[in-house]
Amino acid sequence: LLLGGGAYSYTKGYIKLPFEIPFLKKDPHQILAQVPNAMAGITSFNSSMDIKATFPQVSKIIEMLMAEDTTPTTDTDIVDIHTTFAYADNQMEMSFLGKSTTSATALGLDVKNFGDTLFAKISDGQNLLPKDISLPIDWISISKNDIDSLGPLLSNSGIAVPFIGHTDAFLSLLAPTNLNTVFGFMPITASTVIKENPSQKINGVDVYHYSIAVDNAMIEKFVHTVALSYGFKITDEEWLKINKILSATSVDSFEVWIGKSDRYLYKTNIILTVPLTKVLSLEDKNLSENKLKVELTNTYYNFGSQITIPRPESSVPMPQVVDTVQKSMKDASVKSIMQNLTTAFSNLHTVEKVYGPRSNSNGSCTNPAYGSLFSPTGHKKNASEAIALISENIITFISITGEQSVCYSTPSLWAIATPMVSDNTKYLCADSSGSSTVLLAAPTGAVCK
């Protein structure tokens, strides 16, 4: 009876021995259930995460949307993301590197989380940004309020970022003590099918290797539990969209590797496929058979080791960065309007053979001389279309640049200039020679000089 009770307790994981008894097979359900408690006291460790996403080429997606009838494409693009983490005493350091077959340039990002402040730095891929916009090469310091304040800026730019408004929840998930908690949310029950694979070693540690059968109900329950437990503020409408994706998601495989002696989580691997129509929120018969496939692998190591995460000695505050980017974006808009005006001026010259029959020698953009390039009146009747285009862009130009802009013209020359928003000691200037340059002072005539 004692032997039988001991064997039962051993197989259920209630008794831990420093060695394995090969003819007694431990219950995987009980071993997995012990992971959260075993890892509860861990405050430092390292981890790596690899994500591989495979999806139809964007050009093929467009072709399929335009076609009346087509077959699923086999031409795919791949995004590879490699991330390393270091966790110590509720501090986190992350290094991110993303590559894609759609771009020759990788994107590198370093992040440090100290609870009160987040630090970020782009380590690679500055040239992925618009040419007129650059970020500091130094660390950027970001508070919670800074992150939430990005919402209106990004929304106005048409960019949707999921963590805006959920900052506390995301930062909480980054805490190392929550690894065991999140794993504990896995809705594994006695009826969950778990297959035991041959044992392996990971970084010299003997581990159990299990494959877990996961259905849609388990996925939905897990996502909902994590979201609610960490305070994500998700509306009913957002949940409806999320559930549509989750209900269509297929878990092709889910594997875990658990330490035999310590019950730590050493590795996870999950492969998901999602119909492209659900990802794009676009129901189209030509896309119905195309999938997004994602493989996510996490490896954990150096549990309880001495890890030091140095705080950056210097950094640029996020509000300052946002202000610089906003000003750079306005300068980029001004340059674009100047290009539009160059085209409009050329169109008028084609019709009238001059840049307006009269000169605008006073340099005023808001009160130009009658019949000059910038005036809506005093031109040939057949120049109305070109004049309308000039007037439209001049109005936009003035709305951004204000009264400090200058507009000079003669029948054969023109120049427009305005102080840069990012540096009002310098002037953006364009003229009829095709020149577009930066000056230290406003021009005084129809040439950028």
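## Ground rules

Two strands count as paired if DSSP finds at least two bridges between them. Helices (H or I, at least four residues) and strands (E, at least two) are DSSP runs, numbered from the N terminus.

What you're looking at is a predicted model: local features need pLDDT of at least 70, side-chain atom pairs count only at pLDDT 80 or more, and totals for chains, interfaces and linings use all residues. Residues are numbered from 1 along each chain as its sequence is written, and side-chain values use heavy atoms, with hydrogens and water left out.

## The chain as a whole

The protein chain has 449 residues, and 41% of them count as buried (under 20% relative accessible area, with exposed over 50% and partly exposed in between; 1.4 Å probe, protein chains only). Its secondary structure adds up to 11 helices and 16 strands. The accessible surface is about 24000 Å², with 56% of that belonging to carbon and sulfur atoms; areas come from the Shrake-Rupley method with a 1.4 Å probe, and for residues, only the protein chains shown count as cover.

Now for contacts, meaning heavy atoms within 4.5 Å. Take those between residues at least 6 apart in sequence: 57% of them join residues at least 24 apart.

## The four-stranded sheet

Strands 13, 14, 15 and 16 make an open sheet in the order 13-14-15-16, paired antiparallel. Strand 13 (406–409) and strand 16 sit at the edges with a single partner strand each, so one side of each has no neighbour in the sheet. From one strand to the next, the twist averages 20° (angles run from 0 to 180 degrees between N-to-C directions, and axes are lines fitted to C-alpha atoms, for helices over the stretch in contact). Helix 10 (residues 318–352) lies across strand 14 and strand 15, running at about 170° to strand 14.

## Strand 15 up close

Strand 15 (residues 427–431) has five of its five residues buried, so the rest of the structure largely encloses it. In a regular strand the side chains alternate between the two faces of the sheet. Here, Tyr427, Cys429 and Asp431 point one way, Leu428 and Ala430 point the other, and all are buried.

On one flank, strand 14 (residues 414–419) runs antiparallel to strand 15, joined by five bridges. Pro419 has Tyr427 as its bridge partner, and Ile416 has Ala430. Strand 15 also pairs with strand 16 (residues 436–439), again in the antiparallel sense, over four bridges, and here Tyr427 stands opposite Leu439. The hairpin of strand 15 and strand 16 has four residues between the strands, and Gly434 takes a positive phi near 95° there.

## The 12-stranded sheet

The other open sheet is built from 12 strands in the order 7-8-9-10-11-1-2-3-4-5-6-12, with mixed pairing. Its edge strands are strand 7 (194–202) and strand 12 (316–317), each pairing on one side only. Strand 7 pairs antiparallel with strand 8 (residues 205–212) over seven bridges, and Asn197 stands opposite His209 of strand 8.

## Two packed helices

Helix 7 (residues 216–229) packs against helix 8 (residues 236–248) at an angle of about 145°, their axes 8 Å apart. On the helix 7 side, the contact is made by Asn216, Ile219, Glu220, Val223, His224 and Ala227, while helix 8 brings in Trp239, Asn243, Leu246, Ser247 and Ala248.
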